[in-house]
Number of protein chains: 2
Amino acid sequence: MYQLNSILENKAINKLIESFERSPMQLNKPHESDAEIIRLNDNTKLAITTDSISEEISTGLYDDPYLIGWMIVTVNMSDLAAVGASPIGILISEIIPKNFGDEKVKELQRGISDACRAYNTFVLGGDTNEGEKLVLTGTAIGIINKENPLTRIGCKTDDILFSSGKLGGGNAYAISKLISQTNSFSNYQPLARTNYNNGINKYASCCMDTSDGFISTVDQLMRLNNVGFEICSDWLNVIDDTAVKYVKNLSIPAWLLLAGQHGEFELIFTVPQDLKDSFLKESLQSGFEPVELGKVIPEKELKINIYGEMIPINTTLIRNLPTEAKGDIKHYLKVLLEYDFQLKNEPCLNFTSH
Amino acid sequence: MYQLNSILENKAINKLIESFERSPMQLNKPHESDAEIIRLNDNTKLAITTDSISEEISTGLYDDPYLIGWMIVTVNMSDLAAVGASPIGILISEIIPKNFGDEKVKELQRGISDACRAYNTFVLGGDTNEGEKLVLTGTAIGIINKENPLTRIGCKTDDILFSSGKLGGGNAYAISKLISQTNSFSNYQPLARTNYNNGINKYASCCMDTSDGFISTVDQLMRLNNVGFEICSDWLNVIDDTAVKYVKNLSIPAWLLLAGQHGEFELIFTVPQDLKDSFLKESLQSGFEPVELGKVIPEKELKINIYGEMIPINTTLIRNLPTEAKGDIKHYLKVLLEYDFQLKNEPCLNFTSH
């Protein structure tokens with residue numbers, strides 16, 4: 001079944017919210033947008049989103065307090081960017097361990113403060129608690145000035161698929177922290193695309209950020225829009241150069257940088273073909289260089305040109321793997337490598353994504 | 001020094017936010033209101049607040065999933081009520097332990113859902129993570145329709161001090177969960193005063209909720225407004241009957257129900273003397289019976305009529321005690337009982353609150 005519910009994460013969310021009523025002021029349905037869109041009155045639409053950083057800390061993915069501070073702002077700003085909202089600010093709840101130490105707290109706050117400056121936004125308020133483990137929860141608000149806000153819904157066959165930047169940095173970083181502790185990939189400090197979302201907001205037919213990695217993002221867009229995607233570009237041009245070099249040294253196939261679920265906080269979006277030239281012209285004028293990835297196709301699958309062929313990717317397998325691996329990162333990588341082996345040797349036998 | 005910074009919690013917050021810039025859209029300064037007040041445009045003022053429930057769970061204060069769900073909505077709605085905001089909705093981030101179990105998750109969500117219905121509000125969105133300990137973070141938004149929003153600032157000498165309801169239930173519940181495990185006080189399910197805040201919003205000169213208990217609340221109001229309070233009423237009339245009975249059985253002096261830091265989520269507010277009659281008339285017409293507590297005085301202290309005399313209470317001692325006791329609840333109670341003994345026997349030697 002080609003459904004949202006085939007993805008364990010979607011299913012879990014739907015179960016959690018099944019008893020909740022929806023607000024008549026809310027313009028989006030569940031899963032339909034990166035941030036919630038609330039119509040306050042005739043003139044004002046608010047975007048609001050909440051994200052915690054907890055698993056990333058307990059697994060050791062994030063261990064630098066400055067980066068944690070930077071990320072709690074970035075992950076939330078990225079959700080605002082994906083609905084074309086201008087940030088107003090963020091509230092941050094911090095659960096800080098008793099023995100965390102003043103120096104680390106200072107670094108955490110410096111990361112938050114630097115990130116706010118980068119996004120021209122502000123900490124509006126917060127809450128602090130003492131706890132065993134460090135947990136940060138941010139809630140960001142922004143204003144949407146467009147009559148029909150940008151959401152994950154709206155792309156049509158033949159629309160052009162873009163990314164706001166090169167991909168794979170988030171997963172190279174995750175590999176360096178969780179798998180190859182000896183070989184570091186240190187330049188991970190993503191910048192959410194709040195400054196580049198004007199052209200996207202104006203021209204895009206749908207948009208979603210890559211907070212869970214590229215393949216999860218396009219899989220969700222496929223399910224929501226009842227379409228598929230074909231990555232026509234040489235996919236190596238789409239991936240960050242330093243990330244490609246990094247995984248080459250570890251003998252991990254570079255395309256798996258698109259499959260892992262730690263993102264680079266780029267925006268994935270579609271632009272109708274007849275608007276492509278205007279969009280690109282306007283983007284380049286503002287110093288923004290979007291990366292063309294491919295196009296929307298009617299078949300409900302993701303096809304990528306790897307190993308010399310257009311191969312349909314089992315995105316369901318890839319998206320559900322983190323849940324099924326239950327935190328066993330070695331098992332997770334093993335299954336991905338086996339899947340890659342299968343694609344390389346028997347691409348025609350590959351079962352497609354449902 | 002009679003300052004905000006004499007309170008360890010205020011000092012800790014000020015240190016956390018010292019590197020943060022303030023938004024030009026934000027109308028309140030730090031500490032000045034229960035929710036952050038943001039001026040979106042000429043016609044729209046937004047209230048936003050975030051609160052986590054974490055320590056209450058790890059200490060065993062909250063162990064019923066339904067109550068935890070109810071409380072994450074209530075604590076945030078109470079902050080909106082204290083600034084006179086009409087709720088729009090809430091976002092909830094949930095960190096759920098791996099082995100929490102489906103039944104408990106269902107109860108948690110039922111508590112959230114029932115509370116939203118009680119406040120005529122909605123879950124707008126959220127986030128879920130897996131973690132070792134259950135942690136819930138809510139962020140509520142509301143709309144303020146008043147030109148000069150209600151905050152913690154604005155009371156003057158001779159204003160009348162009110163509570164939206166009887167006090168002490170929160171601390172009786174805390175005693176039953178943390179001290180006397182055998183003797184239960186089970187009727188704790190507070191209702192934030194979102195439905196009764198119309199008259200308060202119209203007439204009050206300042207307002208704050210009792211989320212940290214009555215004495216902490218008036219201490220903060222004293223410091224922010226540079227005034228004091230005199231509780232002229234027979235304070236026993238101010239305390240919830242079942243709570244008084246409950247502590248009598250445990251030989252704990254009833255006035256300590258005002259000192260503990262687990263609140264009942266009532267609103268403490270002041271009304272100028274010349275508006276008192278209009279306020280009370282309007283309140284009674286709408287079925288709301290505020291409890292008159294006393295009045296604002298120029299001396300910067302809290303005086304309560306206990307043990308036959310108007311006694312100044314050392315609110316600094318009481319507020320800083322949870323931080324200083326470092327989670328040792330027996331030590332916490334011991335210091336409070338010693339302080340009560342001192343008041344009873346040598347009220348004139350009592351050092352006042354600075």
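This short presentation describes the contact between two chains and the packing within them.

The structure is a predicted model, in which local features need pLDDT of at least 70, side-chain atom pairs count only at pLDDT 80 or more, and totals for chains, interfaces and linings use all residues. Residues are numbered from 1 along each chain as its sequence is written, while chains are lettered from A and ligands numbered from 1 in the order in which they are written.

I begin with the interface. Here 48 residues of chain B are in contact with 48 residues of chain A, contact meaning that C-beta atoms, placed from the backbone, lie within 7 Å. Several elements of chain B each supply at least two residues to this side, among them α1 (8–16), β3 (86–97) and α4 (102–118); helices (H or I, at least four residues) and strands (E, at least two) are DSSP runs numbered from the N terminus. The largest share, 9 residues, comes from β4(B).

As for symmetry, a rotation of 180° with 0.0 Å of shift along its axis superposes chain B on chain A, with an RMSD of 0.0 Å; the fit is by least squares on the C-alpha atoms of residues with pLDDT of at least 70 in both copies. That is the relation of a two-fold axis. Both copies use the same surface, since 100% of the contact residues of chain B recur in chain A.

Finally, I turn to helix α5 (residues 169–178) of chain A, where 9 of 10 residues are buried, that is, have 20 or more other C-beta atoms within 10 Å of their own, again placed from the backbone. Among these buried residues are Tyr173(A) and Lys177(A), and their cover includes α8 (241–249) of chain A.

Key: Two residues are in contact if their C-beta atoms, placed from the backbone, lie within 7 Å. A residue is buried if 20 or more other C-beta atoms lie within 10 Å of its own, exposed if 12 or fewer, and partly exposed in between; C-beta atoms are placed from the backbone.
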